[in-house]
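Here are my notes on this one, written as numbered points. Have the structure open while you go through them.

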Amino acid sequence: MSEKKMTSSRKHHLKSLMLQIAANLIEEEKKEAEQEKNKFMAEIPSLDLSGDQAALMQMLKKLAQTIDKIDEERYDAEAKVKKTEKEIEDLKMKVIEVQGIKKPALKKVRMSADAMLAALLGTKHKASMDFRANLKEVKKEVKEEEEVGDWRKNVDEQAGMDGRKKKFETA
């Protein structure tokens, strides 16, 4: 059984429906957040600013201590988040190292020297080089080979001080 492919107009229609649903969900979330904020603000007792200066100073000190405590908690939470983000990044790097970077398979290309120069220099420069003509000719030297004789005679001749002396004199 072959599945029928979806037409582009159908895809666009479904996409627009999904976007409308997402927009409605976002609006609902905003309304819920506003309601929670209003509910929380209603729970907070109103400030009683009547009284003498000493009582107001005491209340301000308590508020300052509460603010400091909340700031410390927020700083600790931010530090934890940064630490975990760094650990996540390190783990991602380790995963990449373990997987290794996949190198594409190189294709073997056969080109002549003229084609390579044309590719490197472009079509403006027309350079033609015969690389074989520039190679130096190497002449082979003929080595004189010593005759391989009886090795026992050679050992007998070099035995003792006289043999070693001959060796240095001939060299």
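1. A definition to start with: the expected span of a helix is 1.5 Å times one less than its number of residues. Keep in mind that we're looking at a predicted model. With that yardstick, helix 2 has 47 residues and should span 69 Å, and since its end C-alpha atoms are indeed 69 Å apart, the two values agree.

2. Helix 1 gets the same check. It runs over residues 8-43. Its 36 residues reach 53 Å from the first C-alpha to the last, close to the 52 Å expected at 1.5 Å a residue.

3. Now for the overall layout. The protein chain has five helices and zero strands, so to speak an α-α-α-α-α pattern when you read along the sequence.4. How much of the protein chain is buried? Buried residues make up 1% of its 171 residues. The accessible surface comes to about 18,700 Å², with carbon and sulfur atoms supplying 57% of it.

5. Why does helix 1 lie largely in the open? Because the number of buried residues among its 36 is zero. A residue counts as buried under 20% relative accessible area.

6. Helix 1 also brings us to a charged spot. Glu28, Glu29, Glu32 and Glu36 gather on the surface in a patch of negative charge. Glu28, one of these, lies in helix 1 and is partly exposed, at a relative accessible area of 44%. That value is over the 30% a residue needs to be part of a patch.

7. How many salt bridges are there? The count comes to two. One of them pairs Arg74 with Asp71, where the closest N and O atoms are 3.9 Å apart. A salt bridge needs that distance to be within 4 Å, so 3.9 Å makes the cut. Both residues lie in helix 2 (residues 53-99), three residues apart, or about one turn of the helix.

8. Are the partners in that pair buried or exposed? Arg74 is partly exposed, at 49% relative accessibility. Asp71 is partly exposed too, with a relative accessible area of 34%.

9. The other pair is Lys86 with Asp90, and here the closest N and O atoms are 3.9 Å apart. These two also sit in helix 2, four residues apart, again about one turn of the helix. Lys86 is exposed, because its relative accessible area is 54% and exposed means over 50%. Asp90, at 37%, is partly exposed.

10. Helix 2 has a nonpolar side to look at as well. Met57, Leu60, Leu63 and Ile67 form a nonpolar patch on the surface, and together they have about 370 Å² of accessible area. Ile67, one of the four, is found in helix 2.

11. Last, have a look at what comes just after helix 2: Gly100 takes a positive phi there, of about 80°.

Key. Residues are numbered from 1 along each chain as its sequence is written. This is a predicted model: local features need pLDDT of at least 70, side-chain atom pairs count only at pLDDT 80 or more; totals for chains, interfaces and linings use all residues. Side-chain values use heavy atoms; hydrogens and water are left out. Patches are made of residues with over 30% relative accessible area and no salt bridge: like charges are joined within 9 Å, nonpolar side chains (Val, Leu, Ile, Met, Phe, Trp, Tyr) within 5 Å. Accessible areas come from the Shrake-Rupley method with a 1.4 Å probe; for residues, only the protein chains shown count as cover. A salt bridge is a side-chain nitrogen of Lys or Arg within 4 Å of a carboxyl oxygen of Asp or Glu. Lys and Arg count as positive and Asp and Glu as negative; His and the chain ends are not counted. The place of a charge is taken as NZ of Lys, CZ of Arg, CG of Asp or CD of Glu. Buried means under 20% relative accessible area, exposed over 50%, partly exposed in between (1.4 Å probe, protein chains only).
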